[in-house]
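Please walk through the fold of this chain with the model open beside the text, taking the sheets and the helices that pack on them in turn.

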Amino acid sequence: MSGRGRLITGTTRVLCILGHPIAHSLSPVMHNRAIEALGLDYVYVAFDVAPQELGRAVQGLRALGVAGATVTIPHKEAVLAFVDEMEESVRWTGAANTLVMRQDGALVATNTDVDGVRGALQAAGLRPAGGKAVVLGAGGAARAIVAALVQEGCRHIVVLNRSPERARRLVEELAPRASPCLLEADALSEQSLRRHLADAQLLCHATPTGMHPHGDQSPVPRELVRPPLAVLDAVYRPARTRLLAQALAQGCRVASGVDWLVCQGVEAFQRWTGHRPDPALLKGALMEVLEP
């Protein structure tokens, strides 16, 4: 290390994130803090890759010997056409958020969002085994949540979405892998929320509602968020969403989107470097730049 900053040399290995747009990404903040703390000869950078350039960008990763990459919107599904292997988490979710360059040159796609959900739940002391969970949303984040809940032994999962067709499609695609967990789909409405949350132990939010700059919004009426219900929110900006604030005010246990982001980042970092960073260190780096 240098007093003027980290020294980049001819041996420094590159990690990156591919997305479009990408200027808002907090992954460089998190991963470069881990690199610095562990004293590793890596650097993590962001690449803005337009959708039509994704194939060439992935080939560029191979040609340049990049050690690994994060993949974010809108490339999580499209990138699968350009990899050599897909791990089970990708088959569950139909998307990849992490690419690992193996020593034999194979580019492997994985989805550490599934690990991130499990890690965030465990860190908050939330144990879905044998219980019922309600998942709001039917996109990639919801798929990762369902996969994680099944792996954690959840007994019954209800997926609610404003487009009930999308919720049904998610359930139809994941149900064969979910047994013996019961998967159910329904339209997202106040009535369905009241019905399904009445006997649920866990609420998992995976829609954009409450995301900056609309942090004053919540996807669930306040009176429905009360113990013994616990809450996981995928939104990480703001760090404390309106939904989480409601839950905490009622004495509910919660896991935040920041916790999820950190846990998936820890898993990806270990896959790339062989080193496991301290989650508290990564969370501290994120909280320095996130809204409260």
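In this predicted model, strand β3, which covers residues 68-71, is joined to strand β5, residues 98-101, by three bridges, and the two strands run antiparallel. One of the places where this pairing can be followed is Gly68, whose bridge partner in β5 is Val100. Strands of a sheet in general pair through backbone hydrogen bonds, and they do so either in the parallel or in the antiparallel sense. The sheet to which β3 and β5 belong is an open one of six strands, arranged in the order β2-β1-β3-β5-β6-β4, and its pairing is mixed. At its edges are β2, residues 42-48, and β4, residues 85-86, each of which pairs on one side only.

Following the chain out of β3 leads to the loop between β3 and β4, where Pro74 is found. The peptide bond that joins Ile73 to Pro74 is cis, with an omega of about 5 degrees.

Across part of this sheet lies helix α1, made of residues 27-38, which covers β1 (13-19), β2 and β3 and runs at about 170 degrees to β2. Helix α1 also has a helical neighbour, α9, residues 257-273, and the axes of the two come within 11 Å while crossing at roughly 55 degrees. An angle under 35 degrees would count as roughly parallel and one of 65 to 115 as roughly perpendicular, and α1 and α9 are therefore described as oblique to each other. Their crossing is right-handed. On the α1 side the residues that meet the partner helix are Met30, His31, Ala34, Ile35 and Leu38, and they face Leu261, Val262, Gln264, Gly265, Phe269 and Trp272 in α9. Sorted by class, this contact of α1 with α9 has eight nonpolar and three polar residues, and no charged ones.

Which strands make up the other six-stranded arrangement, and in what order? It is again an open sheet, with the order β9-β8-β7-β10-β11-β12, and here the pairing is parallel. The edge strands are β9, residues 182-187, and β12, residues 254-255, each pairing on one side only. Within this sheet, β10 and β11 pair in the parallel sense over four bridges, and Leu202 has Ala230 as its bridge partner in β11. Between β10 (202-205) and β11 (230-233) the chain passes through a loop that holds Pro213. A cis peptide bond joins His212 to Pro213, with omega at about 10 degrees.

Helices lie across this parallel sheet as well. Helix α6 lies across β8 (156-161) and β9, and runs at about 175 degrees to β9, whereas helix α8, residues 242-249, lies across β10, β11 and β12 at about 160 degrees to β11.

The packing of one helix on another can now be taken up for α5, which has contacts with both α6 and α4. Two packed helices are described by the angle between their axes and by the distance between those axes. For α5 (residues 140-151) and α6 (residues 164-178) the angle is about 20 degrees and the axes are 11 Å apart; α5 and α6 are therefore roughly parallel to each other, and their crossing is right-handed. The contact is made by Ala142, Arg143, Val146 and Val150 of α5 together with Leu170, Glu173, Leu174, Arg177 and Ala178 of α6. By class it has six nonpolar and three charged residues, with no polar ones.

The axes of α5 and α4, the latter being residues 112-123, come within 8 Å and cross at roughly 60 degrees, so these two helices are oblique to each other. The crossing of α4 past α5 is right-handed. Asp113, Val114, Val117, Arg118 and Leu121 in α4 meet Ala144, Ile145, Ala147, Ala148, Leu149 and Gln151 in α5. This contact of α4 with α5 has eight nonpolar residues, one polar residue and two charged residues.

Taken as a whole, the chain comes to 10 helices and 12 strands. Its C-alpha trace spans about 60 × 40 × 30 Å along the principal axes. A compact globule of 292 residues would have a radius of gyration near 19 Å, and the chain, with 19 Å, therefore agrees with that expectation.

How values were computed. Residues are numbered from 1 along each chain as its sequence is written. This is a predicted model: local features need pLDDT of at least 70, side-chain atom pairs count only at pLDDT 80 or more; totals for chains, interfaces and linings use all residues. Side-chain values use heavy atoms; hydrogens and water are left out. Axes are lines fitted to C-alpha atoms, for helices over the stretch in contact, and angles run from 0 to 180 degrees between N-to-C directions. Angles under 35 degrees count as roughly parallel, over 145 as roughly antiparallel, 65 to 115 as roughly perpendicular and the rest as oblique. A crossing is left-handed if the near helix is turned anticlockwise from the far one by less than a right angle, and right-handed if clockwise. Contact means heavy atoms within 4.5 Å. Ala, Val, Leu, Ile, Met, Phe, Trp, Tyr, Cys and Pro count as nonpolar, Asp, Glu, Lys and Arg as charged, and the others, Gly among them, as polar. Two strands pair if DSSP finds at least two bridges between them. The radius of gyration is taken over C-alpha atoms; the globule rule is 2.2 Å times the number of residues to the power 0.38.
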